[in-house]
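Let's take a friendly look at the empty space inside a protein. Have the structure open as you read.

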Amino acid sequence: MKVSHSFSATSALFDDDNLVSHAGLVPVMELARSTGVAALLAKRVDLGTTRVASAGANLEAKLLTVIAGLCCGADSIDDLGIVRSGGHRRLFDRVYAPATIGQTLREFTPGHARQLNAVMTRSLPAMCARAGLLPTNGARVFVDIDSLLRPVYGYQKTGASYGHAKIAGRELLRRGLSPLIATLSAPEYPPVIANAWLRAGRAASGAGAATMIAQTIATARRCGAAGEITVRADAAYGSAEVMATCQRLGATFSLVLRTNTAITRAISAIGEDAWTPVVYPGAVTDPDTGALISDAEIAETTYTVTPLSPHPITARLIVRRVKAHHPADTDTLMPAWRYHSFFTNTTDDTITADINHRAHAVIETVFADLIDGPLAHLPSGVFGANAAWLALTTISHNLMRTLAALTSSARLRAARGATLRRTLVAVPARLARPARTPILHLPRHWPWHHAFTTLWTAVNTP
């Protein structure tokens, strides 16, 4: 492909007031209105007395401007200016400048950020009802909880401290802030974010997990999850407190436990005849024999957590073992195994329980989505502003998932956030008003015009 015209240095002019770079913001903001996000922002978020008198005024419009910018892919406060270009200010009322928004975000405290969390948890049921984001037929819903460390490089960000991060399989200390995030998902239903808190980088991964899980289970019930709810997490969350919370609220759990001598004894007591070979979805086929290459074996035993406490918890310890790889030409007398175990009180058979537990990795796709978008970095030096940014990020994530579901496209329903922004939001258009009737002229032969038309009809049909 090559340029078909000869342009001069003065051939590019930024002079059109009717061009819109992100026409997909129209259905996004309409969804924010119809699912109650706008009303909840006006009702539940109040900064009270602010250092700058005007910072707390018109909060609803300012926060909706942030959400619109995040849906366009903004990862800094300055990036929010994208929604003020061209015809955007003709399409939307009260679009605020990045400087004004930054001034407002810096007035937020962690307590004010929790008000935004309340907006997120209370708007999610409406989004689920509007677009079917979670099953309501009694099917199982999974709660996944995990934390990540977002690195920071300056010394001005409040709350930043050294925490543990894993890079390329190696544990190391890194300076940053640590969001704790819980998601809701089900098979064939991409995950939505049900809760998110920002914490200091040094915060333990499992700090506050039981409280967040309790809130997330309540949110799942409001979203229509009438069947079994299973909480999945790694070893940082395998505590008796988390298990007791799940049992108290009628949920099951599937949690990794930190390895100790008692667990090692329980695994050693499993007889050789109890191990069953297991083949996972996506196993590689041997080109010579046609057999699936899978040297994993699985077994289970009974295990009790805190056996000496007044309320011991007894459930199934499911163990998967995989042959350890040795260097070439190494003679071994007996095969060596690597063991991976988790603790669960579900009633699934052993293999199904193991496959379901390994699907906990779905939360990593959410993290990748956020890091590839609004959480590319945390934009402010003020902790409360960054906590508000995280809460608004989760609202925008759920809005984008709602947007994808309303296209009725299975491909877009499971697509990454970057794909949704490229195909559904970043649609160029020209705004016209013949006979005072607003019309967006969109590009002919847009590859995703069928999905966009379906979405547009769904959002604008009473």
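## Lining of the largest cavity

This is a predicted model, and the residues around its largest cavity fall into 6 nonpolar, 4 polar and 3 charged. The cavity itself has a volume of about 110 Å³. Of its 13 lining residues, those closest to the centre are Pro374, His397, Met400, Gly417 and Arg421.

Which helix gives the most to this lining? That is α12, with 5 residues. If you want to trace the helices in your viewer, α3 (59–71), α11 (362–371), α12 (383–406) and α14 (417–425) each supply at least two residues of the lining.

## The second largest cavity

Next comes a cavity with a volume of about 40 Å³. Its lining has 2 nonpolar, 6 polar and 3 charged residues. To find the site, you can select Arg140, Phe142, Thr230, Arg232, Ser254, Thr344, Thr346, Asp348, Ala353, Asn356 and His357, which line the second largest cavity.

Both a strand and a helix take part here: β7 (229–233) and α10 (350–358) each supply at least two lining residues. The largest share of this lining comes from α10, with 3 residues.

## The whole structure

How many cavities of 30 Å³ or more does a search of the whole structure find? The search finds 3. The two described above are the largest, at about 110 Å³, and the second largest, at about 40 Å³.

Key
Residues are numbered from 1 along each chain as its sequence is written. This is a predicted model: local features need pLDDT of at least 70, side-chain atom pairs count only at pLDDT 80 or more; totals for chains, interfaces and linings use all residues. Side-chain values use heavy atoms; hydrogens and water are left out. On a 1 Å grid over the protein atoms alone, a cavity is a set of points where a 1.4 Å probe fits but cannot get out, and a pocket is an open set with protein on both sides within 12 Å along at least five of seven lines; lining residues have an atom within 4 Å of a point. Grid points are joined across faces, edges and corners, and a volume is the space filled by probe spheres set on the points. Helices (H or I, at least four residues) and strands (E, at least two) are DSSP runs, numbered from the N terminus. Ala, Val, Leu, Ile, Met, Phe, Trp, Tyr, Cys and Pro count as nonpolar, Asp, Glu, Lys and Arg as charged, and the others, Gly among them, as polar.
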